[in-house]
Amino acid sequence: MFKENRGDVLHGILLIVLFSFSAFYIADFEVMKKLSLSPLIVGIILGMLYANSLRNKLPQTWVPGIHFCTKQVLRLGVILYGFRLTFQQVAAIGLPAVMADVIIVTVTILLGILLGRLLKVDSQTSLMTSMGSAICGAAAVLGAEPVVKCPPHKTAVAVSTVVIFGTLSMFLYPLAYRSGLLSGLDDRQVAVYIGATLHEVAHVVGAGNAIDAAGGNVADAATITKMIRVMLLAPVLLIMSFVMSRMEKKSSPSAASGRKIAVPWFAFWFLAVIGINSILQSSGFIPSDILDKGTDVINSFDTFLLTMAMTALGAETSFDKFKKAGIKPFLLAGGLYLWLVAGGYFVALLIA
């Protein structure tokens, strides 16, 4: 940031801040709430609209500020995301839900890499799309971006697949419950199934509440199962960084000689924040109402930071780049979606 003209950088940041405020305003519309389209998703759409309309009419010197939002602001947003989680949630839902999450995440990522090779999708797009499907949607894609170091348009493509298939699931899962297609699962298993397979936290909450309205009792357990999945983001990023470093060294020994593994330190901070939040939530020295209000403020601020990051990524994405990506990334995401729907059912049936 300090290598550029500070005024120009601030102009770029201010532009993203204004777009992010607009995203929050639009996401508050009733139709957006019914679709569970969070400010993050609205933000990337606004950023893409800007990239394909006004981008060439504004000073290029503002670009460093936009890049600042896709890097530093993004990392801070992922770290603060830990205030939404506690280790007590893991203990409350039990080992079966943890095992189901681990299986779903592992198989989804490995299957995504395999399908990507079969469809001849580039490795970065395959990995980013797999992360979004495997862990926590857009937040996982954002968390993987600093490790994968892919162009912004590939991140946008991965997020788009999350929006399409995650939103579809939010409506199909309650429909399947009402029609009796999930009758082979009890409410606990349905909760694990939803939490372990839906893309975004908002999708899990929406589907869980819809099922509860139909006579079920799954929303809370489904949300906790989903949050355990989110916790897996940190170890997955560490493993991913190690594997990618080894692969790079193997493919180009001369370029990688002496190079250390690029450890995503923000993943450690993410886990540390979860630990801090776990201690605060379990201790009694802070009144619960004050603690809840403070956590809500932090979570709202964190959502704004992530919205800024998503908006900035959208601002670096033109529709021409989507055309170049073609239909294959969406076919990849569709294949992973089929695995989540069908494979996730049997995982929940056998383990939960």
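This passage describes helix packing, nonpolar cores and selected residues in a predicted model.

We may begin with helix α12, which takes part in two of the helix pairs described here. Its partner in one pair is α11. Helix α11 spans residues 201-213 and helix α12 spans residues 219-231; their axes come within 8 Å and cross at roughly 165°. Because angles over 145 degrees count as roughly antiparallel, α11 is roughly antiparallel to α12. The crossing of these helices, α11 and α12, is right-handed. On the α11 side, the contact involves Val-201, Val-204, Val-205, Gly-208, Asn-209 and Asp-212, and these meet Ala-219, Ala-222, Thr-223, Lys-226, Met-227 and Val-230 of α12. By class, the residues of the contact of α11 with α12 comprise seven nonpolar, three polar and two charged.

Thr-223, a residue of helix α12, offers a closer look at this contact. Once its neighbours within four places in sequence are set aside, Thr-223 is in contact with Val-204 and Val-205. Both of these valines belong to the α11 side of the helix pair. Thr-223 counts as partly exposed because its relative accessibility is 23%. A separation of 17 Å lies between the C-alpha atoms of Thr-223 and Val-347, which are 124 residues apart along the chain.

The other pair involving α12 is formed with α10. Here the helices pack at an angle of about 35°, and the axes of α10 and α12 are 7 Å apart. This crossing of α10 and α12 is again described as right-handed. Helix α10 contributes Ala-191, Val-192, Ile-194, Gly-195, Ala-196 and Thr-197, while Ala-221, Ala-222, Thr-225, Lys-226 and Arg-229 come from α12. The contact of α10 with α12 consists of six nonpolar, three polar and two charged residues. Ala-222 and Lys-226 appear in this contact and also in the contact with α11.

Helix α10 (residues 187-197) also packs with helix α6 (residues 95-119), at an angle of about 35° and with the axes 10 Å apart. The crossing of α6 and α10 is right-handed. Pro-96, Ala-97, Ala-100, Asp-101 and Ile-104 of α6 make this contact with Arg-188, Val-192, Gly-195, Ala-196 and Thr-197 of α10. The residues of the contact of α6 with α10 include six nonpolar, two polar and two charged. Val-192, Gly-195, Ala-196 and Thr-197 of α10 take part here and likewise in the contact with α12.

Turning to the interior, the largest nonpolar core has 74 residues, and those with the most contacts inside it are Met-131, Ile-135, Val-230, Leu-237, Met-240, Met-308 and Met-310. Helix α16 (residues 288-315) supplies the largest share of this core, nine residues. Not counting residues up to four places away in sequence, Met-310 touches Leu-40, Ile-41, Gly-43, Ile-44, Ala-138, Leu-142 and Val-159. Another core, of 16 residues, lies apart from the largest one and has Tyr-173, Ala-176, Ala-207 and Ala-222 among its members.

Met-240 is located in helix α13 (residues 233-251). It counts as buried because its relative accessibility is 8%. Beyond residues up to four places away in sequence, Met-240 touches Leu-127, Met-131, Val-147 and Val-148. Met-131 is itself listed with Met-240 as having the most contacts inside the largest core. Met-240 and Ala-144 are 96 residues apart in sequence, and their C-alpha atoms are 8.8 Å apart in space.

Asn-277 is a buried residue, with a relative accessible area of 2%, and is found in helix α15 (residues 265-282). With residues up to four places away in sequence not counted, Asn-277 touches Gly-82, Phe-83, Arg-84, Leu-85, Thr-86 and Thr-295.

Finally, two lysines deserve a word for their backbone angles. Most residues other than glycine have a negative phi. Lys-120, however, has a positive phi, near 60°. This lysine sits in the loop between α6 and α7 (123-136), and Lys-120 counts as exposed, at 71% relative accessibility. Lys-149 likewise has a positive phi, of about 55°, although it is not a glycine. Lys-149 lies in the loop between α8 (138-148) and α9 (152-178). At 59% relative accessibility, Lys-149 is exposed too.

How values were computed. Residues are numbered from 1 along each chain as its sequence is written. This is a predicted model: local features need pLDDT of at least 70, side-chain atom pairs count only at pLDDT 80 or more; totals for chains, interfaces and linings use all residues. Side-chain values use heavy atoms; hydrogens and water are left out. Axes are lines fitted to C-alpha atoms, for helices over the stretch in contact, and angles run from 0 to 180 degrees between N-to-C directions. Helices (H or I, at least four residues) and strands (E, at least two) are DSSP runs, numbered from the N terminus. Angles under 35 degrees count as roughly parallel, over 145 as roughly antiparallel, 65 to 115 as roughly perpendicular and the rest as oblique. A crossing is left-handed if the near helix is turned anticlockwise from the far one by less than a right angle, and right-handed if clockwise. Contact means heavy atoms within 4.5 Å. Ala, Val, Leu, Ile, Met, Phe, Trp, Tyr, Cys and Pro count as nonpolar, Asp, Glu, Lys and Arg as charged, and the others, Gly among them, as polar. Buried means under 20% relative accessible area, exposed over 50%, partly exposed in between (1.4 Å probe, protein chains only). A nonpolar core is a set of buried Ala, Val, Leu, Ile, Met, Phe, Trp, Tyr and Cys residues joined through side-chain atoms within 4.5 Å.
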